[in-house]
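Me: I am new to this structure and would like to look closely at one part of it. Please choose the charged side chains that pair with one another, and then follow the part of the fold to which they lead.

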Amino acid sequence: MNAEFATEKHEKTARLETASIDLARAGRCGFPEVVYAEGKTTETVVAIFEEQLAHGIAPYATRVRPETLEVLTHHFPDGIPNPTARTFRFLPKNPQPTCGKVAIVTAGTSDLPVAEEARETVLWMNVEAVMIHDVGVAGPHRLMERVGDFSGCAAAVVIAGMEGALPSVVGGYVDFPVIAVPTSVGYGANFGGLSALLGMLNSCASNVAVVNIDAGFKGGYLAGMIATQHKNS
């Protein structure tokens, strides 16, 4: 490794005592590094945020413990906490018009924490989020009443537990990608979301792809990327 390359690499990585922060992620991947806060101390999350802010990055953290969220709210009054989603995000210093639109759809109100994680992720990516809640297959007429809300969307994040049927139904009504997020909502045979995951993986709808159980962040991030690319194409 030559000295010039080593210097360049060092400038793109901030090294803290317990973390190495990728400051060049946005340049490579379109969006900055996201902080997965689960397992990290409050002090570590604060230090990462301060380093990112010092480099002009709008931080975003997921899976934030309640006690950490309380500290972050007091330490960073300009940040946006979401206790339901367990997230904490910042607005960019120079906000731009939103770039595209996605729908976030839940089968039931019990899926709300995962949906809120997806919504916060989409908003952090500067993409508009249309929320369509509680339209699961137990009452299919509820989805029909909201089909018009999909207008102008580039993708949908469809969140469901139990047997995980909703993404297939939504996929049959729209002309864009559907990102299915299985949740751990359900009784014993749901197996902590495994039955919903397997049901979604076996979807007959050609436009449905599936992410991990309770992975609202991953579903929202993929939808945000699709919306951004769609808007810029």
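Reply: D149 has a relative accessibility of 30%, so it counts as partly exposed, and in this predicted model it forms a salt bridge with R146, the closest N and O atoms of the two being 2.5 Å apart. R146 is also partly exposed, its relative accessible area being 26%. In general, side chains of opposite charge can pair when their charged atoms come close. The pair of R146 and D149 belongs to a set of eleven salt bridges that a search of the whole structure finds.

Another salt bridge joins D22 to R25, with 2.8 Å between the closest N and O atoms. Here D22 counts as buried because its relative accessibility is 15%, and buried means under 20%, whereas R25, at 26%, counts as partly exposed. These two residues do not stand alone, since D22, R25, R28 and E33 are linked in a network of salt bridges.

The pair that leads furthest into the fold, for our purpose, is E116 with R119, whose closest N and O atoms are 3.0 Å apart. Both residues belong to helix 5, which covers residues 112-124, and they sit three residues apart, about one turn of the helix. E116 is buried, with a relative accessible area of 11%, while R119 is partly exposed at 22%.

Helix 5 itself deserves a slower look. Its 13 residues reach 18 Å from the first C-alpha to the last, which is close to the 18 Å expected at 1.5 Å a residue. The buried residues of helix 5 are V114, A115, E116, E117, A118, E120, T121, V122 and W124, so that list, besides E116, holds the charged residues E117 and E120. After the helix comes N126, whose phi is positive, near 65°.

What does helix 5 lie against? To see this, it helps to begin with the sheet, which is open, has five strands in the order 8-7-9-10-11, and shows parallel pairing. Its edges are formed by strand 8 (128-132) and strand 11 (208-210), each of which pairs on one side only, and neighbouring strands of the sheet are turned by 25° against each other on average, direction ignored. Helix 5 packs on this sheet, touching strand 7, strand 8, strand 9 and strand 10 (178-182), and its direction makes about 160° with that of strand 8.

Two of the strands that helix 5 touches, strand 7 and strand 9, also pair with each other: strand 7 (residues 101-106) and strand 9 (residues 155-160) do so in the parallel sense, over five bridges. Within this pairing, V102 stands opposite A155 of strand 9. A further helix meets the sheet as well, for helix 8 (residues 194-201) lies across strand 9, strand 10 and strand 11, and runs at about 160° to strand 10.

The cysteines can be added to this picture. A search of the whole structure finds zero disulfides; for C153, the nearest cysteine sulfur is that of C99, 14 Å away, and a disulfide would need the two sulfur atoms within 2.5 Å. C153 counts as buried because its relative accessibility is 9%, whereas C204, at 76%, counts as exposed.

Key:
Residues numbered from 1 in each chain as written. Predicted model: local features only at pLDDT ≥ 70, side-chain atom pairs only at ≥ 80, totals over all residues. Heavy atoms only, no water. Buried < 20%, exposed > 50% of the residue type's maximum accessible area, 1.4 Å probe, protein only. Salt bridge = Lys/Arg side-chain N within 4 Å of Asp/Glu carboxyl O. Helix = DSSP H or I, 4+ residues; strand = E, 2+ residues; numbered from the N terminus. Expected span 1.5 Å × (residues − 1). Pairing = 2+ DSSP bridges. Axes fitted to C-alpha atoms, helices over the stretch in contact; angles between N-to-C directions. Contact = heavy atoms within 4.5 Å.
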